[in-house]
Amino acid sequence: MNRPGSNARNDGALTRRQFLAWSGAAAAAWPALRGADASTTTLPFANGTRPLVKYPQKRPLIRLTARPPQLETPFSVFNESLLTPNDAFFVRYHLTNAPPPPELLQPDRFRLGVGGKVTTPLSLSVAELIAKFESVETVAVLQCSGNSRGFFEPRVAGGQLGHGAMGCARWKGVRLADVLKAAGLKPEATQILFNGLDTPALPATPDFVKTLEPDLALSPELLLAYEMNGEPLPWLNGFPLRLVIPGYYGTYWIKQVSEITAIDGEFKGFWMNPGYRIPDDPCAAIAPGTTPKRTVPISRLNVRSFITSPAAGTAIRTGTETRVRGIAFDDGHGIREVLFSDDGGRRWQAAELGTSLGNYAFREWTIPWTPSRAGTVTLMARATNRLGQSQPMEPLWNPSGYMRNCVEPVEVNVT
Ligand SMILES: Nc1nc2c(c(=O)[nH]1)N[C@H]1C(S)=C(S)[C@@H](COP(=O)(O)O)O[C@H]1N2
Ligand SMILES: [Mo]
């Protein structure tokens with residue numbers, strides 16, 4: 001299948017013909033969208049075997065559920081480049097009728113509506129958004145709240161994900177703040193609601209609606225994005241328009257966003273409460289197996305780092321220099337330091353940080369390493385951001401399996 005807009009004009013708006021070029025096959029696939037099984041892979045925890053499945057515009061990805069599509073990026077992709085390729089970027093939807101069918105996404109049909117407590121309600125096509133508002137770019141990590149949930153002990157309900165529900169992309173779009181200013185938020189607006197075109201199969205299932213406080217929604221960093229890594233968004237990542245909220249968990253990054261509504265009062269929707277809440281505690285953690293007394297909506301990313309090379313289980317020869325490589329990120333303060341240990345965390349050495357693609361991006365780090373003794377060796381990385389926030393050595397626990405950020409040991413075989 002063609003990418004949407006493989007021949008798109010540089011302004012990101014697709015012509016009707018370009019849209020039809022990719023959407024025909026997508027529309028045919030939609031009624032029974034489940035991808036084509038390629039092979040299987042096994043994530044490193046109990047019941048971790050998953051099919052690798054090929055979806056439209058995607059290379060084979062690790063499938064967690066077929067309907068709605070939940071696809072995870074194979075971890076080796078994070079060793080290939082700092083920007084996660086569009087065809088390898090993870091996919092998460094909640095509702096059965098997702099992604100929305102291509103006919104709803106046609107350039108002459110899709111509209112973004114802005115209404116509620118505003119002085120001037122708007123209804124705009126993507127081309128009109130691009131024509132009326134300045135476009136800007138930002139490189140930012142998108143990570144699901146439940147990334148790495150499969151490693152929780154004791155285990156928790158929810159998608160048993162490895163580390164592949166994250167990715168870093170260059171997003172291009174118009175500023176949400178500019179659009180909200182054009183609509184004119186009324187002073188009584190206390191929350192802004194965001195809804196996409198995906199819908200539940202049953203009326204009893206709550207629609208996926210998320211809210212932001214006006215202060216955050218008016219921050220110049222938030223985008224209504226129409227491009228990802230220089231191309232129109234893939235269908236499964238929100239084509240033709242999605243919200244980008246650098247530094248915040250993916251749950252707020254509404255895809256196929258079609259309705260923005262300013263309200264007074266507090267939205268009571270399921271996906272804000274009880275959905276996507278964390279213990280009201282500085283570490284978002286409680287004693288394993290217990291229930292939190294108070295919860296708050298999940299918000300900003302914590303600090304994480306990963307070793308992407310060598311991969312777990314790699315055989316390495318004593319006395320041979322290898323370059324250990326990995327990535328680190330936080331919620332936008334920026335990574336200050338990554339430390340590396342080859343003895344299970346007793347001694348640490350500073351790794352070298354690569355070029356920064358911006359404070360919200362994956363930051364590459366490397367360190368030369370020459371193993372000196374044979375056997376199973378445990379490698380570790382630990383990042384600290386510019387606020388001094390770092391990663392715990394032991395995992396923290398909460399009942400939804402959110403925000404895992406402990407040091408992730410990688411065992412290699414030195415021969
Ligand atoms: N319309 C819509 N947008 C959505 C969701 C959804 O179910 N529907 N899921 C959210 C969640 S929880 C995540 S983690 C991100 C995932 O973005 P991706 O599929 O592009 O990786 O989308 C968010 N936006
Ligand atoms: Mo998510």
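In the predicted model, an N or O atom in the side chain of His94 is placed 2.7 Å from an oxygen atom of ligand 1, a polar contact being a pair of N or O atoms within 3.5 Å. A polar backbone atom of Phe90 likewise lies 2.7 Å from a ligand 1 oxygen atom, and for a polar side-chain atom of Asn237 the distance is 2.8 Å. The protein covers 100% of the 530 Å² of accessible area that ligand 1 has on its own (Shrake-Rupley method, 1.4 Å probe). Around ligand 1 there are 19 residues (a heavy atom within 4 Å); Phe90, His94, Asp198, Arg242 and Lys255 come nearest.

The largest nonpolar core (buried Ala, Val, Leu, Ile, Met, Phe, Trp, Tyr and Cys residues joined through side-chain atoms within 4.5 Å; buried means under 20% relative accessible area with a 1.4 Å probe, protein chains only) has 90 residues, of which Trp171, Leu224 and Ile260 touch the most other members. Because domain 1 (16-275) and domain 2 (304-414) both contribute residues, this core lies between them; the bounds come from an automatic or database domain assignment. A second, separate core comprises 19 residues, including Ile307, Val338, Ile367 and Val412.

Local features need pLDDT of at least 70 and side-chain atom pairs pLDDT 80 or more, whereas totals for chains, interfaces and linings use all residues. Side-chain values use heavy atoms, without hydrogens and water; residues are numbered from 1 along each chain as its sequence is written, and chains are lettered from A and ligands numbered from 1 in the order in which they are written.

Key:
Buried means under 20% relative accessible area, exposed over 50%, partly exposed in between (1.4 Å probe, protein chains only). A polar contact is a pair of N or O atoms within 3.5 Å; within protein, one must be able to donate a hydrogen and the other to accept it, and residues adjacent in sequence count only if both atoms are side-chain atoms.
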